[in-house]
Amino acid sequence: MSLAWLFIPISLVALGMAGGYFPQLRRAVAELPRPQTAQTDAEWTAASPPLVSVVIPMYNEAENLEGCIRSVLDCTSLSANRLQVWVIDDQSTDGTLAQLYDLQARLADPRLHILAGRPQPVNQRWSGKNWACFQASQHADGDWLLFLDADVRLKPGAIASMVQTAIALQADLLTCIPQVVSGSLVEWLVQPLMFANAVVTFNSEAVRDPKSPTTYALGPCLLFSRESYAAAGGHGGIGAEVAEDVAFARTLKHQGFRVVHVLGRDLLSLRMYRSFGTLWEGWTKVLYVGANYSVPLMLLLALVMLSIYTVPWLALAIALASLFTDGGLGGWILLLLAIAGLGLQYAIRAIGSHALGTTTRYWWLHVLSGPLITALAIASIVKAETGWGWTWRGRSLKPLRRVSSSRHR
């Protein structure tokens, strides 16, 4: 039996998986709420809006800090009695704190406050940015608390739109799926696909079911009502969690609060990782933990990514080789399956790109995306279970399986 005939069943399975994924993504893009802008920023300001506190933790963010802070201050005309921006340096080693003070002096904006973070307490367990956020939250007294990462850029009217949307949708925690910015080949291979997966996941039946404990959030942009943030214990309540965004969402959903996911490409953009090294470190840090330490979910992710993005290209290569050598029926059947798979792959990427405010650039290189995301999933399992090489920005993380997997089920 030729290789083409052997690969036909594999292609059929892959085509079935792509055919199942496509309508899920299309439905999610149609059903997930968009931000509401019933009032312009100026109208909202005139209507005496609630106080909003923006918290931005920074660790070695010298290249990001000015762009992030300016985007926050420039996106709104809210005055200092309606907007506080708390930027906290988390013991950076690259001059971030000095640059923050310099920027504060240059901008002379009374809404901007700079905090020098203290060292982590030696007798407490804190992961990632949680200790910095906890410190800043002690100063933030807004009715709404917006936590942003330094690689976020807000667009005009974003803060007003987020708060108006949260109020309109009765959201206690609003998390926004951003416009995805990719500036290198490895980002194009991974980021649009990972965030398309987030779009599908956030619209899944389990997440939408208020009786199910399953839910997720995206840490770069989390908007809390003061009541919900306090009910979750703030960042002190999830201080040891590596995936603090998911921990917050599950804690609040368990307590009966409403977690809402919004397609926010018109509100903010995000460029998470600028190199292969940071992308590898970042995704292997959170993938497995965010999936609640579920090996089956990680294996399913790998299988789906390989099926949608890698198998059709392999099928095409095998089909063409078969047709050039013996021209048998198996080669023609496999060629048709490959073409169908590639068509679905492009359609999936196009729908995801529309939702994420990006393009279909480099979609034809996704033959590499499947193995790369599979490697990320496997490495995330190994790192989280063993602690080997499990770091964030060079800081070591320690396995916390029993606490994480039991608290938020």
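Glycine 357 sits just after helix α14 and takes a positive phi of about 65 degrees. The helix before that glycine, α14 (residues 329–356), has 28 residues and reaches 41 Å from its first C-alpha to its last, close to the 40 Å expected at 1.5 Å a residue. That expected span is 1.5 Å times one less than the number of residues. Helices here are DSSP runs of H or I with at least four residues, strands are runs of E with at least two, and both are numbered from the N terminus.

Keep in mind that this is a predicted model, with local features needing pLDDT of at least 70 and side-chain atom pairs counting only at pLDDT 80 or more, while totals for chains, interfaces and linings use all residues. Residues are numbered from 1 along each chain as its sequence is written, and side-chain values use heavy atoms, with hydrogens and water left out.

Now to the surface. Trp5, Leu329 and Trp332 make a nonpolar patch of about 350 Å². Patch members have over 30% relative accessible area and no salt bridge; nonpolar side chains (Val, Leu, Ile, Met, Phe, Trp, Tyr) are joined within 5 Å, like charges within 9 Å. Areas come from the Shrake-Rupley method with a 1.4 Å probe, and for residues only the protein chains shown count as cover. Tryptophan 5 belongs to helix α1 (residues 3–31) and counts as partly exposed because its relative accessibility is 38%. The cut-offs are under 20% for buried, over 50% for exposed and in between for partly exposed (1.4 Å probe, protein chains only).

On to the charges. A salt bridge means a side-chain nitrogen of Lys or Arg within 4 Å of a carboxyl oxygen of Asp or Glu, and by this rule the count comes to 11. Among them are these:

| Pair | Closest N to O |
|---|---|
| Arginine 208 and glutamate 31 | 3.4 Å |
| Arginine 106 and aspartate 102 | 2.9 Å |
| Glutamate 244 and lysine 129 | 3.4 Å |

Glutamate 244 lies in helix α11 (residues 244–254) and lysine 129 in the loop between β3 (112–116) and α5 (130–137), so this pair ties together parts 115 residues apart in sequence. Glutamate 244 is buried, at 7% relative accessible area.

Arginine 208 forms a salt bridge with glutamate 31. That pair links distant parts of the chain, helix α8 (residues 205–208) and helix α1, 177 residues apart. Arginine 208 is partly exposed at 46%, and glutamate 31 is partly exposed at 38%.

Arginine 106 and aspartate 102 are both in helix α4 (residues 96–107), 4 residues apart, or about one turn of the helix. Glu66, Arg70, Asp102 and Arg106 are linked in a network of salt bridges.
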